[in-house]
Amino acid sequence: MDSPDVNLWQSPVHAIDYLCKADTIPHRSEGEDVLLEFLPETVGRVLDLGSGDGRLLALAKLNRPNATAVALDFSPTMIDRLRARFAADTSIEVVVHDLAHPLPQLLGRFDAIISSFAIHHLPHRRKRSLYGELFELLNAGGVFCNLEHVASPTIALHHEFLAALSLAPDEEDPSNKLLDVETQLQWLRATGFDNVDCHWKWRELALLAGDKLQ
Amino acid sequence: VQANPVRHGAVIIAPGAPVVVPTLTHSLSEHFVQYCCFTRKDPAMRTARSFRILAWLACVGVWLGAVYASESSPAPMAAAASKFLASLPPEQKAQATFPFDSGEREHWGFVPTEIFPRKGLTIGAMSEPQRKLAHDLLKTGLSQKGYLTATSIMQLEDVLRVIEDAGGGDAAAGRRMERNPVKYFVSVFGTPGAHGAWGWRVEGHHVSLNFTIVDGKLVTATPQFFGSNPAEVRDGPKKGLRILADEEDSARTLLMALNPTQRAKAVINTTAPGDIVTGNKLTIDPLSPAGISAADLEASQRDLLMKVIDAYASAMAPDIVADRMTKLRQAGIERIGFAWAGEAERGKKHYYRVQGPTFLIEYDNTQNDANHIHSVWRDFNGDFGRDVLREHMKSVAH
């Protein structure tokens with residue numbers, strides 16, 4: 001049967017619980033550093049999917065201060081945090097949207113699309129169609145960088161990953177719909193992305209990226 | 001019938017609506033007739049009119065040419081096929097090419113090659129650059145979604161092998177089959193180009209895509225077959241993957257939207273057949289019973305029916321979709337039937353067909369304890385381009 005399409009991220013308790021633990025995810029900052037390496041030096045417009053409290057976007061803005069950005073999330077708690085965090089930054093627009101549905105038509109086009117630990121909450125079918133939408137939203141020469149929670153090849157490795165996060169198997173986020181790296185790389189390639197690769201990986205955390213060629 | 005518009009790249013197609021070019025051409029021709037009538041009696045106006053008409057027609061011609069060139073798949077197909085063939089040394093080219101009138105062109109199937117021997121050049125036998133060119137050809141016939149589907153089905157062979165190696169699925173059958181994601185055959189029939197007829201096929205286990213191109217303009221793409229075993233990956237790192245989810249879910253959504261009277265018409269049997277009824281027959285006739293007719297559906301239910309059709313049509317390149325939808329509409333959307341057999345509950349054995357005057361969609365999910373899909377789009381007169389080839393032969397004869 002299908003993995004149940006549970007997504008608890010609209011729940012304020014779930015969102016705040018995550019924010020309390022966000023800094024403790026092992027090796028997270030390594031993955032973020034590598035993601036930032038792949039952002040073009042002169043990136044113009046950035047879309048951040050599932051922005052959360054704006055952690056990744058804030059890092060991106062710190063490294064690419066001239067960029068303008070759209071932060072997108074659907075959790076009321078996260079939207080409040082985003083608006084508070086970027087209240088003084090007119091170059092960042094906050095958009096409320098559930099990634100389970102097709103992206104809004106009026107977002108415009110982007111030079112980079114980034115995401116951190118968000119897309120794995122979507123059913124696989126939606127992941128696949130979302131990659132197609134993202135390709136259409138990118139300008140030629142643009143990049144898609146997804147720091148993602150992916151599936152382990154075996155249950156034993158999955159349990160080891162959870163243990164590394166000090167989680168028991170029954171404490172795993174029921175919103176997770178994990179998919180392996182290979183399938184997602186294949187989808188990105190088939191969608192039209194070039195230079196597709198997994199540039200960084202630690203256990204179930206991986207940076208998947210691809211370019212839209214000029 | 002107004003169904004939800006379907007977006008295919010840059011083209012928006014509303015099922016049931018005429019395609020852009022014929023609509024605009026019709027509108028322009030009306031203006032043209034009106035313009036001629038108003039200016040017919042004044043000589044000075046007649047001269048000026050002649051220049052304006054010529055300029056106008058030239059602009060329209062350039063515009064139509066540009067539209068056609070940007071949205072038509074035959075030219076990119078011919079270019080991609082030529083490039084692919086040019087990359088092959090003679091012995092590989094001999095494997096990949098056949099005369100257009102060869103019987104091989106209609107030798108199609110969807111089961112493993114161990115059961116249904118195939119000719120052509122396998123992707124596995126190609127170098128990396130050749131594989132890229134073969135995939136470039138495949139992309140010219142499909143939408144982004146269709147290409148994703150086709151390549152995901154190929155990759156699913158790896159999943160099936162793991163399942164069967166562990167004793168799952170039909171393990172005994174698995175021991176006899178290779179389950180190889182690069183055991184897909186590319187074949188080119190005739191000479192790719194803007195004149196005459198040629199065709200190409202990509203085929204292997206659960207994928208059969210057959211394209212026929214005539215005079216660089218007309219392209220047909222049936223039989224179109226996609227299958228998926230497993231239909232849903234239930235264990236491992238790809239757990240939850242359902243490559244043909246749209247094909248399954250759209251039909252069940254329509255079935256569940258029917259009232260009891262309508263459902264009694266739609267459900268033609270409480271037991272699903274063991275496979276698609278038409279199998280890999282070369283020619284097919286309309287099936288009976290056809291189930292409930294679109295004429296007996298509410299507008300919202302007809303929209304759901306169009307979504308079932310779109311789940312299949314949207315795998316193809318935009319111009320092929322537009323041609324199919326125009327043909328389907330001209331034959332009468334109200335004459336399309338929907339029939340279901342087997343159980344309605346997900347995970348149970350089921351089958352459905354969508355049948356119009358010109359086409360048949362068949363879907364079956366009964367094998368491997370209802371976790372193995374076969375699905376096909378057939379054209380009663382147009383499989384392998386038979387209808388356009390008949391027209392082509394008439395025009396050549398004259």
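A charge sits over a ring if NZ of Lys or CZ of Arg is within 6 Å of the ring centre and within 35 degrees of the ring normal. Keep that in mind for two of the stops below. The model on screen is predicted.

**Stop 1: a ring cluster in chain A.** Select A:Tyr131, A:Phe135, A:Phe144 and A:Phe193, which ring pairs link into a cluster. Now add A:Lys212: its charged end sits over the ring of A:Phe135, 4.6 Å from the centre of that ring.

**Stop 2: aromatic pairs in chain B.** Over all chains, a search of the whole structure finds twelve aromatic pairs. Select B:Trp108 and B:Phe110, whose ring centres are 5.9 Å apart with the planes at 50°, so this pair is tilted. B:Trp108 counts as buried because its relative accessibility is 1%, and B:Phe110 counts as buried at 5%.

Go on to B:Phe359 and B:Trp377. Their ring centres lie 5.0 Å apart and their planes meet at 25°, so the pair is stacked. B:Phe359 belongs to strand 14 (residues 359-365) of chain B and B:Trp377 to strand 15 (residues 373-379), so the pair links distant parts of the chain, 18 residues apart. B:Phe359 is buried, with a relative accessible area of 3%; B:Trp377 is also buried, at 3%. Add B:Arg324 to see its charged end over the ring of B:Trp377, 4.4 Å from the ring centre.

**Stop 3: a buried charge in chain A.** Select A:Asp48 in strand 1 (residues 45-49) of chain A. Which side chain of opposite charge is nearest to A:Asp48? It is A:Arg28, 8.9 Å away, and the buried A:Asp48 has no salt bridge. Beyond neighbours within four places in sequence, A:Asp48 is in contact with residues including A:Leu56, A:Val70 and A:Ile114.

Terms used. Residues are numbered from 1 along each chain as its sequence is written. Chains are lettered from A and ligands numbered from 1 in the order in which they are written. This is a predicted model: local features need pLDDT of at least 70, side-chain atom pairs count only at pLDDT 80 or more; totals for chains, interfaces and linings use all residues. Side-chain values use heavy atoms; hydrogens and water are left out. Helices (H or I, at least four residues) and strands (E, at least two) are DSSP runs, numbered from the N terminus. Buried means under 20% relative accessible area, exposed over 50%, partly exposed in between (1.4 Å probe, protein chains only). Lys and Arg count as positive and Asp and Glu as negative; His and the chain ends are not counted. A salt bridge is a side-chain nitrogen of Lys or Arg within 4 Å of a carboxyl oxygen of Asp or Glu. Contact means heavy atoms within 4.5 Å. Rings of Phe, Tyr and Trp (its six-membered ring) pair if their centres lie within 6.5 Å; planes under 30 degrees apart count as stacked, over 60 as edge-to-face and the rest as tilted.
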